[in-house]
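Here is a short tour of one protein model. Keep the sequence and the 3D view open as you read.

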Amino acid sequence: MTTTTQVKHEVKDLSLASLGKQRIEWAGREMPVLRQIQDRFAAEKPLAGIRLVACCHVTTETAHLAIALKNAGADALLIASNPLSTQDDVAASLVADYGIPVFAIKGEDNATYHRHVQTALDHRPNLIIDDGSDVVATLIQERQEQISDLIGTTEETTTGIVRLQAMLRDGVLTFPAMNVNDADTKHFFDNRYGTGQSTLDGIIRATNILLAGKTVVVAGYGWCGKGTALRARGMGANVIVTEIDPIKALEAVMDGFRVVPMAIAAPQGDLFITVTGNKHVIRGEHFDRMKDGAIICNSGHFDIEIDLVALKDRAAEIKTVRPFTEEYKLSNGKSVVVLGEGRLVNLAAAEGHPSAVMDMSFANQALACEYLVKNKGKLSPGLHSIPQEIDAEIARLKLQAMGIAIDALTPEQIEYINSWTSGT
């Protein structure tokens, strides 16, 4: 741990800061909503005196969220939410150019990652912005005495929300948690358009394969799966969807995709993409049935969707054939290729979601933090949705920045929809 201009940090190389600053500024061109929030926060200081920890992917887009939080007066500290998602030049710039403590290094091992989680909790946060709920889970399991410091937390991943719901069922979620993930201006756009585009971007950067004509298997048809399947089909792939939810499976069928169990898809797929948020979606019996040279990757939050232990047990040899691309030579003579160590391929091998999409997601995060502080002591423990008026305001600001106008209800229309006596 080192200190530069009184800012504690652990980043790869501060000499990367100038490049990082350039890229942060470039991303900002596509983030007009968060820029307006930054400006208002700078004037109003709604988070003054608040100790805040953000556990996020340290990217150019996240930098603008961190800057907004600092503008709001928060004593903010940033750690990575995934060992392979950090952009080292961005981390350096946040420390050197913006004075924000950052503890994140691309490729950090699990021990370093967990140490950074402890560093975050040493900050004794009043607010936690979590991405997968690792910080919150560690707080509950290991730092019970600090819960009294906490005003609340925000979470923007499906995986994190699932974990928070489990905490709620077990009676350990004793503080308010804002469900940013389910805000309309988050999951409709970030999950569908962001994940859809950035996942394929990561795959192509890692492999340089042609998707046209390939059979692509998408595991999971939530909003991330929908976006991924749609983009893969748009690039000429033959897309198969696997699902456990009958409603989502039916939706995939109605959207024109083939839906089969993973056991049936395994010998057909050229490329497999997991986006479920669950464990061991692709397992040993699936590896055994795959064709030679099948490529597997994950765009869910954690690296557990692919059973890499079972794959390693079957491997006679493992070698790196390209950056973020490992070939497993199996004892049956076939090979299976894994991208990004099974971690988020869009961040391990590419740059994550486009900034125009993250503009809305991080606007939700920033405003959720403000909402928690404004309503301190008024919110019950458990999961809370983003208020509809905040969601609508973010959409309105985004449309305004895009130069798009929409209609408004006339007084007659307002009267009609609020009346039960008018009919045909």
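E10 is buried, with a relative accessible area of 15%. Buried means under 20% relative accessible area, exposed means over 50%, and partly exposed lies in between (1.4 Å probe, protein chains only). E10 sits in the loop between β2 (7-9) and α1 (17-28). Helices (H or I, at least four residues) and strands (E, at least two) are DSSP runs, numbered from the N terminus. Leaving out residues up to four places away in sequence, E10 touches V102, F103, A104, I105, T112, R115 and H116. Contact means heavy atoms within 4.5 Å.

This is a predicted model, in which local features need pLDDT of at least 70, side-chain atom pairs count only at pLDDT 80 or more, and totals for chains, interfaces and linings use all residues. Residues are numbered from 1 along each chain as its sequence is written, and side-chain values use heavy atoms, with hydrogens and water left out.

Next, the sheet. An open sheet is formed by 7 strands in the order β5-β4-β3-β6-β7-β8-β17, with parallel pairing. Two strands pair if DSSP finds at least two bridges between them. β5 (102-103) and β17 (382-385) stand at the edges with a single partner strand each, so one side of each has no neighbour in the sheet. Further in, 4 bridges join β6 (residues 127-130) to β7 (residues 152-155). Here D130 stands opposite E155 in β7.

Two loop residues come next. Most residues other than glycine have a negative phi. N208 and F324 have a positive phi, though N208 is not a glycine and neither is F324.

| Residue | Phi | Loop | Relative accessibility |
|---|---|---|---|
| N208 | about 60° | between α8 and β9 (215-219) | 59%, exposed |
| F324 | about 65° | between β14 (315-322) and β15 (325-330) | 34%, partly exposed |

Last, a pocket. How much space lies in the second largest pocket? About 280 Å³. A pocket is an open set of points on a 1 Å grid over the protein atoms alone, where a 1.4 Å probe fits, with protein on both sides within 12 Å along at least five of seven lines; lining residues have an atom within 4 Å of a point. Grid points are joined across faces, edges and corners, and the volume is the space filled by probe spheres set on the points. This pocket is lined by 16 residues, and W26, E61, E351, P354 and S355 lie nearest its centre. Two or more lining residues come from each of α1, α3 (60-71), α8 (184-207) and α15 (355-374).
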